[in-house]
Each structure stands twice: as structure tokens, then as C-alpha cells.
Amino acid sequence: MADQNDALVKQLLSRVLQSVDLDDAKSKLTSEVNQMKDANINLTEFVGTAPIGDTIGMVIANVDRGLYAKLHVEGDYRAIGILSARTGGGPQIMAADEAVKGTNTTVISIQMPRDTKGGAGHGSLILIGGDDVSDVRRAVEIALENVPKKFGDVYNNEAGHLELQYTARASQACHLAFGAPEGQAYGLIAGAPAGIGVVMADAALKAANVEAIDFASPSFGTSYSNEGILHITGDSGAVRQAVISAREVGMQLLGTLGETPINDFPSYI
Amino acid sequence: MADQNDALVKQLLSRVLQSVDLDDAKSKLTSEVNQMKDANINLTEFVGTAPIGDTIGMVIANVDRGLYAKLHVEGDYRAIGILSARTGGGPQIMAADEAVKGTNTTVISIQMPRDTKGGAGHGSLILIGGDDVSDVRRAVEIALENVPKKFGDVYNNEAGHLELQYTARASQACHLAFGAPEGQAYGLIAGAPAGIGVVMADAALKAANVEAIDFASPSFGTSYSNEGILHITGDSGAVRQAVISAREVGMQLLGTLGETPINDFPSYI
Amino acid sequence: MADQNDALVKQLLSRVLQSVDLDDAKSKLTSEVNQMKDANINLTEFVGTAPIGDTIGMVIANVDRGLYAKLHVEGDYRAIGILSARTGGGPQIMAADEAVKGTNTTVISIQMPRDTKGGAGHGSLILIGGDDVSDVRRAVEIALENVPKKFGDVYNNEAGHLELQYTARASQACHLAFGAPEGQAYGLIAGAPAGIGVVMADAALKAANVEAIDFASPSFGTSYSNEGILHITGDSGAVRQAVISAREVGMQLLGTLGETPINDFPSYI
């Protein structure tokens with residue numbers, strides 16, 4: 001009887017443990033349901049969502065001028081695209097950078113809330129201006145498509161995160177957000193908690209002949225996020241090498257505070 | 001035997017699932033125990049709590065003048081009332097607005113921490129000044145009583161929240177916090193993540209003939225919260241209509257990022 | 001048969017409940033594994049971790065000058081030590097205060113991100129400068145060793161936290177961070193949500209003859225944290241008495257919003 005009980009308890013525990021997988025299945029189901037919901041929503045402003053960071057894309061064909069005047073944006077456009085996320089500043093900005101490259105649009109505002117749902121970093125609000133609503137809609141679509149890729153070098157564990165970004169040719173979004181010279185290679189190196197970003201930055205600048213555009217930290221250039229963030233420019237090979245070297249150092253340091261940090265999408269750098 | 005095992009496992013899983021309800025029961029029990037604790041606390045400064053937002057109300061009959069000088073408050077009062085919360089800025093401010101209407105007191109400071117316990121919005125610290133401690137205590141009591149009602153149009157899901165507020169006659173708290181003209185209708189329309197608030201604001205201004213007082217977003221007029229917040233005034237029917245229209249749009253947009261958003265208390269608008 | 005099922009279900013539930021202890025065991029194991037990882041990490045910059053607050057200590061022997069120029073730090077040092085944490089500003093600053101007392105080093109930057117992983121307070125980034133890397137490393141080690149002690153009077157429950165700090169003789173870190181006069185007694189009294197800190201501050205100033213250096217709150221002197229924080233100086237006995245009196249008041253008030261607040265390390269005040 002004891003053996004039988006044991007077997008039952010084991011079976012039960014196994015089922016309980018499987019409920020973790022049920023959660024996963026539920027999450028996938030939710031994601032699919034959401035995609036169906038996306039397809040069914042009858043709101044012309046809605047463009048779509050990205051599968052990470054609670055990222056939503058929207059467009060307003062003809063913005064109310066009273067609202068426009070209070071948006072604190074550059075330029076004067078009839079249509080605006082909106083990329084908004086709870087988690088992620090860098091990935092969405094890099095995605096918007098791809099979007100403005102391929103469309104006749106301009107990023108007119110980049111705002112970084114102190115968010116990430118309890119994490120150490122930023123969310124984002126990115127406004128894209130254009131005179132033709134179809135251009136703006138296309139820009140938001142391109143941005144949404146690029147978000148997962150740009151999360152490829154965001155590594156998380158229970159203690160914090162690392163973020164690495166790299167482009168051989170920065171465009172207007174990177175310039176507006178980070179002061180990156182347009183048309184040149186640009187790299188972003190971030191670590192959280194912030195001190196890890198300081199050591200990563202030092203490693204990056206020693207690893208290759210690159211120029212530091214700026215270094216942001218909790219009191220300077222962030223929205224009080226717990227990140228140290230280096231922005232670099234220079235020869236594309238050097239920028240890439242600096243980013244890769246910093247990533248290695250960051251992985252080791254963040255790993256001392258918890259599990260090995262992992263990314264949710266494949267690394268692209 | 002297999003059938004029996006299955007039955008047992010089903011029973012077990014059912015009990016495990018019921019433990020969710022146990023959590024709920026525990027939560028209710030905790031709430032009751034807290035109410036008993038509230039009744040027993042022998043600290044004259046304690047007034048009470050509200051059942052949402054970790055909201056606490058306190059009063060100091062005769063504030064230490066050295067402290068008062070460092071509180072950055074307007075006016076010069078002997079007694080201060082304190083309404084403080086982890087979650088919720090708008091609801092507590094609207095509740096304080098009701099409180100100053102009914103008592104001989106003045107709101108002397110409204111501060112909005114970037115809180116909500118991992119959510120996208122604000123907490124609040126509201127100081128109420130008066131010369132008579134019983135007036136101030138009554139104001140704090142009225143505010144606490146009004147907090148649940150003012151949460152009636154706060155809708156949450158796992159991705160963010162919406163907040164709608166409306167009053168036919170704004171008083172001094174709404175004026176101090178949001179620039180609302182006293183004695184006129186006022187509406188607040190907020191969405192998180194912030195981009196949803198932008199589209200809600202556009203919908204509100206197109207739905208009725210109202211005036212935009214201000215639009216707040218992560219970098220402007222918030223404490224880096226991930227919200228887009230429109231403040232409106234005008235004819236009371238128009239303000240109400242604008243708020244209701246924005247709510248419909250917000251529910252659809254926030255719903256694309258997760259479950260249908262729900263409110264914890266009945267809608268009042 | 002019903003009895004047997006009941007017994008099994010009871011056994012099962014007991015095992016499920018025990019899994020809470022398994023979590024605890026896993027947490028301890030993780031902590032031990034991390035300590036082994038700490039010992040094995042082959043990065044000269046890594047100094048160690050503290051067992052609370054996701055606190056990490058690092059040192060850079062010869063900082064890249066391009067980075068140094070962008071760190072917004074005081075003074076000009078070759079070596080910098082870094083103390084960085086997700087949770088805790090006060091404890092790490094008090095720990096750094098002990099560190100600079102005992103070594104030939106200087107705290108050159110104190111930054112307070114709005115963090116605590118969904119909690120109401122701050123994390124910290126503290127930079128320590130020195131010309132000799134071994135001095136700086138020693139300072140970081142002393143700081144890490146002191147972090148748990150300085151968490152001794154941090155009390156948490158699900159609604160917020162209290163923090164009390166006291167030193168008979170403040171040093172340079174307390175001066176830089178809080179304006180404490182060096183060499184004199186200093187006390188920190190914080191409550192979250194912020195309103196609790198207001199009442200604690202009033203109680204402290206009425207309990208003993210101490211001087212209020214400053215009072216910080218969500219909009220003044222914090223990084224939008226949900227804290228009310230009083231900084232006091234004066235006779236060491238009076239400062240200590242004021243801190244103890246405020247703690248008593250804070251425990252009662254925070255307790256009305258949830259469980260009795262508890263500390264993770266023994267009280268030192």
C-alpha cells in the first residue's frame with residue numbers, strides 16, 4: 001500500500017511539474033489567440049504587436065492638431081506612427097532605425113520610461129512622422145518585424161540584464177536617441193545592475209580602437225534605470241569587436257549574481 | 001487500478017487548482033485581519049487604509065516645524081493629513097478632490113513616485129493642510145472612502161493598464177495636480193504602455209468638443225512612468241463623452257497585448 | 001476507500017507544500033553554487049558579491065581615460081572600485097562609508113537608480129577612486145562585507161519597507177550622499193510608501209533633540225522612489241534615540257498594510 005501511495009504521489013508530482021509545461025503551452029496558446037485577435041481588431045489605428053516586450057505598433061492618419069501641439073515632437077506631420085513597449089528601449093530604437101532607412105518617414109520623438117515590469121531598464125515610446133499614412137504604417141510594420149532580432153543580444157537572468165546592439169550604418173533613430181553619427185557604425189553596450197555596464201564599457205574601449213560617444217548611468221542620460229550604457233562609433237569592424245569583447249565580460253559578471261544569462265532570440269552580432 | 005489512480009490524480013489536481021481559491025480566501029482573511037489590526041492600532045496618527053493600491057491615510061496634529069520647513073509644501077498649516085499609496089496617482093488625487101470639497105482643508109503637495117509595484121504607472125503622496133486637526137482627519141477619511149470608487153475605471157491586464165477619471169466639477173486637488181480649472185468639468189484619459197494613451201487621446205479629442213489642458217508622457221509631465229495621459233476640460237457632457245470614447249479604443253488596443261483588461265471596482269463613468 | 005483517497009490527497013498536498021521548502025533549498029544551493037562560481041571567475045575586475053540586494057563589487061586597475069571623462073565623477077584617479085546593486089541605496093552607502101574610513105580611497109560618485117525589482121526604493125551605483133588598485137580593491141571588499149549588517153534595519157512586508165541607519169561618526173560617503181557632517185553622528189529614517197516616512201520623520205524629530213539635515217520624498221531628493229527619508233545629525237545618543245523611536249512608529253504603520261515587517265539580517269541599531 002505504501003508503494004502504491006508512493007507511485008501515486010510520484011505521478012501526482014509529475015503532473016504538477018508538468019503544469020509548468022502547461023503554463024508554457026498556455027502562453028503559446030495565448031500568443032496564437034492574440035494573433036487572431038490582432039487580425040480581428042477593427043480599429044484602423046492598430047498595426048500589430050511584436051512577440052516580446054509588450055510591444056505594440058499603431059498609426060494615426062491625421063492627428064488631432066491640439067494633441068500634436070502637446071506631443072513635444074520635432075517637425076510638423078499629418079500622420080504619426082507609434083511604437084510603444086513595456087520592456088526594451090534599445091531593441092525598439094534599433095528596429096525603428098531600420099524602419100526609417102526603408103521608408104519616407106522620420107523619428108520625431110524617443111522617450112524612455114523607467115519600466116521593464118520590475119526589471120532594471122527602460123521601456124520605450126517612439127513616434128514616427130510622415131505626410132503619407134501608408135509610409136508611416138509601413139515604417140511601423142518594419143519596426144515590429146525587426147524587434148525580435150534586435151532582442152537577440154539582450155541577455156537576462158534573475159539579477160539583471162545585458163544588452164548589446166550593433167549596426168554598420170546608423171540612421172536617424174540612432175542619431176536622435178544616442179547621438180550616433182548617421183551613416184557610420186554604431187554600437188551599444190549596456191549592463192544592469194549599472195556597475196557591470198561600467199566594467200563592460202572599460203573592456204570595450206580597451207578591446208578596439210573606437211570612440212566613446214557617451215556613457216549613461218542611473219543619474220546621467222537614463223530615466224533612473226539601473227544600467228551603465230556605453231555608446232560607441234568608429235570603424236565597423238572595431239565597433240563590432242568592442243561590442244563582442246564587452247559581451248564576454250558582461251556574461252561573466254552578471255553570471256556571478258545568478259544563473260547564466262540567456263537571450264530569448266538568436267544572437268545577431 | 002489505473003482508473004482509481006486516475007481518479008485520485010484528478011482529485012489531487014482539483015485540490016491543487018482549488019489552492020488558487022485558497023489564496024483568494026487567504027487574501028480575504030488577511031484583509032479582515034488587517035481591518036482588525038487597523039481597529040487596534042494605538043497610534044493617534046493612523047487614520048485608516050483603503051482596500052486597494054496599498055493606500056494608507058494618516059494625520060499629524062501639530063507637525064514639527066523643522067520637518068514642515070523641509071516638506072516643500074505650499075501654505076503654513078499646523079495639521080497635515082497624508083494619503084500615501086504604492087499604486088495609483090489619479091484615483092487618490094480624485095479622492096482627495098472630493099475630500100477638500102467637503103472640508104475646510106487644502107491639498108498642499110501632490111507627488112507621484114514611479115511605482116505601482118512593477119506596473120507601468122505612479123503611486124502617490126498627497127499632503128492636506130488645515131488648522132484644525134479634526135478637519136484634516138475628516139478629509140483623510142473622505143479620501144480613503146472615495147479611493148475604491150475612483151479605481152472603478154482603472155482597467156488592468158498583464159501588459160498594462162488604462163485609467164479614466166471624470167468629474168463634473170473639479171476642485172483644488174485636480175487644479176494643483178493637473179491644471180484643471182476649478183468648478184469646471186475635468187477628464188483624465190491614460191493608457192499604458194504610453195503609445196496606447198496617445199491613440200486614446202486622439203480618439204477623445206475627435207469624439208467631442210473638449211479642450212486639451214495637457215498631454216503627459218514618459219519624458220514630459222510624468223515621473224518616467226510608461227503612460228500617455230490626456231487632461232481635458234469643457235462642457236461636462238462633452239468631457240464625459242470624450243472619456244467614454246477613449247476608453248473603448250483603449251480597451252481594444254490593450255487587449256491585443258493580453259487578456260481583456262478588467263477593473264477591480266465597478267465603473268463609475 | 002474515501003479515507004484512503006483522503007490520506008493520499010493529504011500526503012500529496014503535504015508534498016506540494018514541501019516543495020516550497022524545496023525552493024528554499026534550491027535557493028541555498030544556488031547561493032552556494034554562486035559562491036563557487038565567484039571563486040572560479042577569472043576576471044581580474046571581479047571582487048565579489050554580497051548575499052543581499054544583488055550587490056556586486058568590482059575594480060578597474062587603470063580606467064580607460066575616455067570612459068573616465070564621461071563618468072561624471074569628482075577627482076582624477078587611475079583605479080576605481082565599483083559597488084552596484086539592484087536593491088538598496090542606504091545599506092550600500094553606509095557600507096561604503098565604512099570602506100573609505102579604513103582605506104586610502106574616496107567615494108567619487110553615488111547614483112541611485114529607481115530600482116528594487118518592483119519594490120518602492122532605490123538600487124545603487126557607488127564609485128570609489130584611488131591611486132593604488134590594492135587600496136581600492138580592499139575598500140570594495142570592506143564594503144561588501146558590511147552590506148549585510150547595514151541591511152539589519154531594513155524591514156519589508158508585501159506593501160513596502162522601512163530603513164533605519166545610524167552611525168556615531170559619519171565619513172565621506174555619508175557626506176557626499178546625504179550631506180551628513182563628517183565626524184558627527186548621522187541617522188537615516190525612511191518609510192515606504194512615502195507617507196509612512198513623513199510620520200516617522202515627525203516622530204523622530206519629536207523624540208530627541210536632533211537636527212534635520214534634509215527630508216527627501218518622491219519629487220524631492222529621490223529618483224522618484226516611493227519613500228519619505230529623513231536625514232538627521234546631532235549628539236550620537238540623541239540621533240540613535242530618534243532613529244529607534246521612528247522605527248517603532250514605522251513598524252506599526254507599515255504593519256497596517258500587510259504582515260509584520262521583517263528584516264533579513266539582525267538589527268544593529
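Which backbone nitrogen does a side-chain oxygen of Asp235(B) reach at the start of helix 7 of chain B? I looked this up before anything else, bearing in mind that the model is predicted. The partner is the backbone nitrogen of Gly237(B), and the oxygen comes to within 3.1 Å of that atom.

**Entry: helix 7 of chain B**

I then checked the length of this helix. Helix 7 of chain B covers residues 236–255, which makes 20 residues. Its end C-alpha atoms are 28 Å apart, and I accept this as agreement because 28 Å is also the span expected at 1.5 Å a residue.

**Entry: helix 6 against helix 7**

I examined how helix 7 of chain B meets helix 6 (residues 194–207) of chain B. The two axes come within 8 Å and cross at roughly 145 degrees. I noted the crossing of helix 6 and helix 7 of chain B as right-handed. From helix 6 of chain B, the contact involves Ile196(B), Val199(B), Met200(B), Ala203(B), Ala204(B) and Ala207(B). Helix 7 of chain B contributes residues including Gln241(B), Ser245(B), Val249(B), Gly250(B) and Leu254(B).

I repeated the look-up in chain A. There, the axes of helix 6 (residues 194–207) and helix 7 (residues 236–255) also come within 8 Å, with a crossing of roughly 145 degrees. The crossing in chain A is right-handed. Among the residues in contact are Ala203(A), Ala204(A) and Ala207(A) of helix 6 and Ala242(A), Ala246(A) and Leu253(A) of helix 7.

For chain C, I recorded an approach within 8 Å and an angle of roughly 145 degrees between the axes of helix 6 (residues 194–207) and helix 7 (residues 236–255). Helix 6 of chain C passes helix 7 of chain C in a right-handed crossing. The contact includes Ile196(C) and Met200(C) from helix 6, and Ser245(C) and Val249(C) from helix 7.

**Entry: Asn157(B)**

Leu254(B) led me to Asn157(B), which is found in strand 6 (residues 154–157) of chain B. Is Asn157(B) buried or exposed? I count Asn157(B) as buried because its relative accessible area is 13%, and the cut-off for burial is under 20%. A polar atom of its side chain lies 3.1 Å from the backbone oxygen of Leu254(B). A polar atom of the Asn157(B) side chain also lies 2.9 Å from the backbone nitrogen of Ala159(B). Setting aside residues up to four places away in sequence, I found Asn157(B) touching Leu254(B), Gly255(B), Gly258(B), Glu259(B) and Pro261(B).

**Entry: chain A as a whole**

I counted 7 helices and 11 strands in the secondary structure of chain A. The chain has 269 residues, of which 60% count as buried. Among contacts with a separation of 6 or more, 66% join residues 24 or more positions apart. The accessible surface comes to about 10,000 Å², with 49% belonging to carbon and sulfur atoms.

**Entry: helix 3 and Gly81(A)**

Helix 3 (residues 90–101) of chain A reaches 17 Å from its first C-alpha to its last, close to the 16 Å expected for its 12 residues. I found this helix mostly covered, with 10 of its 12 residues buried. The buried residues include Gly90(A), Pro91(A), Met94(A), Asp97(A) and Val100(A).

I closed with Gly81(A), which lies in strand 3 (residues 79–85) of chain A. Gly81(A) is buried, at a relative accessible area of 0%. Beyond its neighbours within four places in sequence, its contacts are Met58(A), Val59(A), Ile126(A), Leu127(A), Ile128(A), Val136(A) and Val140(A).

How values were computed:
Residues numbered from 1 in each chain as written. Chains lettered and ligands numbered in written order. Predicted model: local features only at pLDDT ≥ 70, side-chain atom pairs only at ≥ 80, totals over all residues. Heavy atoms only, no water. Helix = DSSP H or I, 4+ residues; strand = E, 2+ residues; numbered from the N terminus. Buried < 20%, exposed > 50% of the residue type's maximum accessible area, 1.4 Å probe, protein only. Contact = heavy atoms within 4.5 Å. Areas by Shrake-Rupley, 256 points an atom, 1.4 Å probe, with all protein chains shown as cover. Expected span 1.5 Å × (residues − 1). Polar contact = N/O pair within 3.5 Å; in protein donor to acceptor, adjacent residues only side chain to side chain. Axes fitted to C-alpha atoms, helices over the stretch in contact; angles between N-to-C directions. Left-handed = near helix turned anticlockwise from the far one by under 90°.
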